[in-house]
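Thanks for coming. I will go through one structure today, so please have the sequence and the model in view.

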Amino acid sequence: MSRRNSYKTGDRFNQKAKDEGYRARSVYKLSEIQKRFRPFKQGQRVIDLGCAPGSWSRYAQQQVGRNGVVVGIDIQEVQSLAGCTLLQRDVYTVTSEELLDLLGGPADIVLSDMAPNTTGDRFGDHVRQIAIARRALEVATQTLAPGGAFVCKVFEGEDAPGFVDDVRKLFTTTKRVRPEAVRRESVELFVLGMGYRPA
Ligand SMILES: C[S@@+](CC[C@H](N)C(=O)[O-])C[C@H]1O[C@@H](n2cnc3c(N)ncnc32)[C@H](O)[C@@H]1O
């Protein structure tokens with residue numbers, strides 16, 4: 001299937017998301033990470049950066065259960081979701097104090113599926129994407145409890161290995177993951193850090 005057709009007509013993940021009541025097919029990227037590496041546990045506190053339309057937040061809420069807390073932020077307006085606190089905020093202006101306050105304590109997991117609007121300029125998009133991933137890592141270092149986990153989208157390109165190295169310095173285990181639900185023509189991959197070790 002060509003890139004154009006795949007985005008236009010959807011694929012089995014679009015259909016599955018519809019059938020299972022998720023707002024986006026991207027939920028299957030996070031669910032694959034959970035199936036393979038098990039970062040989520042019941043009762044955890046989770047921050048979801050770039051949460052709109054809400055499929056990761058919903059999935060995270062299901063994994064952490066009633067005793068857990070999910071706080072999502074997005075620069076766009078996001079429809080409310082049972083069991084989650086979702087706010088319209090820019091990741092560059094939200095403060096760690098606000099996030100910690102909403103969570104009621106340090107985070108166990110910081111998720112970032114944030115992406116800037118792509119322009120078609122692959123290098124420029126990559127540079128902007130790594131910049132936003134670095135901001136997500138900064139939020140993680142300000143909010144994660146020792147032992148916590150970080151899941152972050154990046155676009156493959158020349159600055160990606162440096163970013164992965166920086167994650168590696170802060171976590172006991174670091175993985176680069178390309179879930180099956182990532183579209184074949186996409187340059188995205190996910191960096192998973194587990195076992196946060198504050199510097
Ligand atoms: C791929 S979507 C996230 C999809 C989401 N994980 C889900 O499953 O529903 C990326 C999101 O990042 C958000 N985003 C981009 N720049 C942002 C910023 N500066 N602050 C907060 N969110 C941002 C976009 O508005 C967009 O909703």
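How do the residues of the shell around the ligand divide into nonpolar, polar and charged? There are 14 nonpolar, five polar and four charged residues in that shell. Keep in mind that this is a predicted model. In total, 23 residues surround the ligand, and those that come nearest are Gly50, Ala52, Ser55, Val91 and Asp113. Helix α4 and strand β2 are the elements that give two or more residues to the shell.

Now the sheet. As background, strands of a sheet pair through backbone hydrogen bonds, and the pairing is either parallel or antiparallel. Here we have an open sheet of seven strands with mixed pairing. Going across, the order reads β3-β2-β1-β4-β5-β7-β6. At the edges sit β3, residues 84-88, and β6, residues 171-177, and each of them pairs on one side only. From one strand to the next, the twist averages 15°.

Let me take one pair of strands. Strand β2, residues 69-74, runs parallel to β3, and five bridges join the two. One residue to find is Val71, whose bridge partner in β3 is Thr85.

Two helices lie against this sheet. Helix α7, residues 160-170, packs on it and touches β5, β6 and β7, the last being residues 188-196. The direction of α7 makes about 150° with that of β6. Helix α6, residues 122-143, lies across β1 (45-49), β4 (107-112) and β5 (144-155). Relative to β5, helix α6 runs at about 170°.

Next, helix against helix. Which residues of α3 meet α4? They are Val27, Leu30, Ser31 and Gln34, and on the α4 side we find Ser55, Trp56, Tyr59 and Gln63. By class, this contact has four nonpolar, four polar and no charged residues. The axes of α3 (residues 27-37) and α4 (residues 55-64) come within 8 Å and cross at roughly 30°. The crossing is right-handed. Note that Ser55 of α4 is also among the residues that come nearest to the ligand.

The last pair is α5, residues 96-103, with α6: their axes come within 10 Å and cross at roughly 55°. Because of that angle, α5 counts as oblique to α6. The crossing of α5 past α6 is right-handed. Ser96, Leu99 and Leu100 of α5 make the contact with Val139, Gln142 and Thr143 of α6. That contact has three nonpolar, three polar and no charged residues.

That is where I will stop.

Terms used:
Residues are numbered from 1 along each chain as its sequence is written. This is a predicted model: local features need pLDDT of at least 70, side-chain atom pairs count only at pLDDT 80 or more; totals for chains, interfaces and linings use all residues. Two strands pair if DSSP finds at least two bridges between them. Helices (H or I, at least four residues) and strands (E, at least two) are DSSP runs, numbered from the N terminus. Axes are lines fitted to C-alpha atoms, for helices over the stretch in contact, and angles run from 0 to 180 degrees between N-to-C directions. Two residues are in contact if their C-beta atoms, placed from the backbone, lie within 7 Å. A crossing is left-handed if the near helix is turned anticlockwise from the far one by less than a right angle, and right-handed if clockwise. Ala, Val, Leu, Ile, Met, Phe, Trp, Tyr, Cys and Pro count as nonpolar, Asp, Glu, Lys and Arg as charged, and the others, Gly among them, as polar. A residue is near a molecule or strand if its C-beta atom, placed from the backbone, lies within 6 Å of it. Angles under 35 degrees count as roughly parallel, over 145 as roughly antiparallel, 65 to 115 as roughly perpendicular and the rest as oblique.
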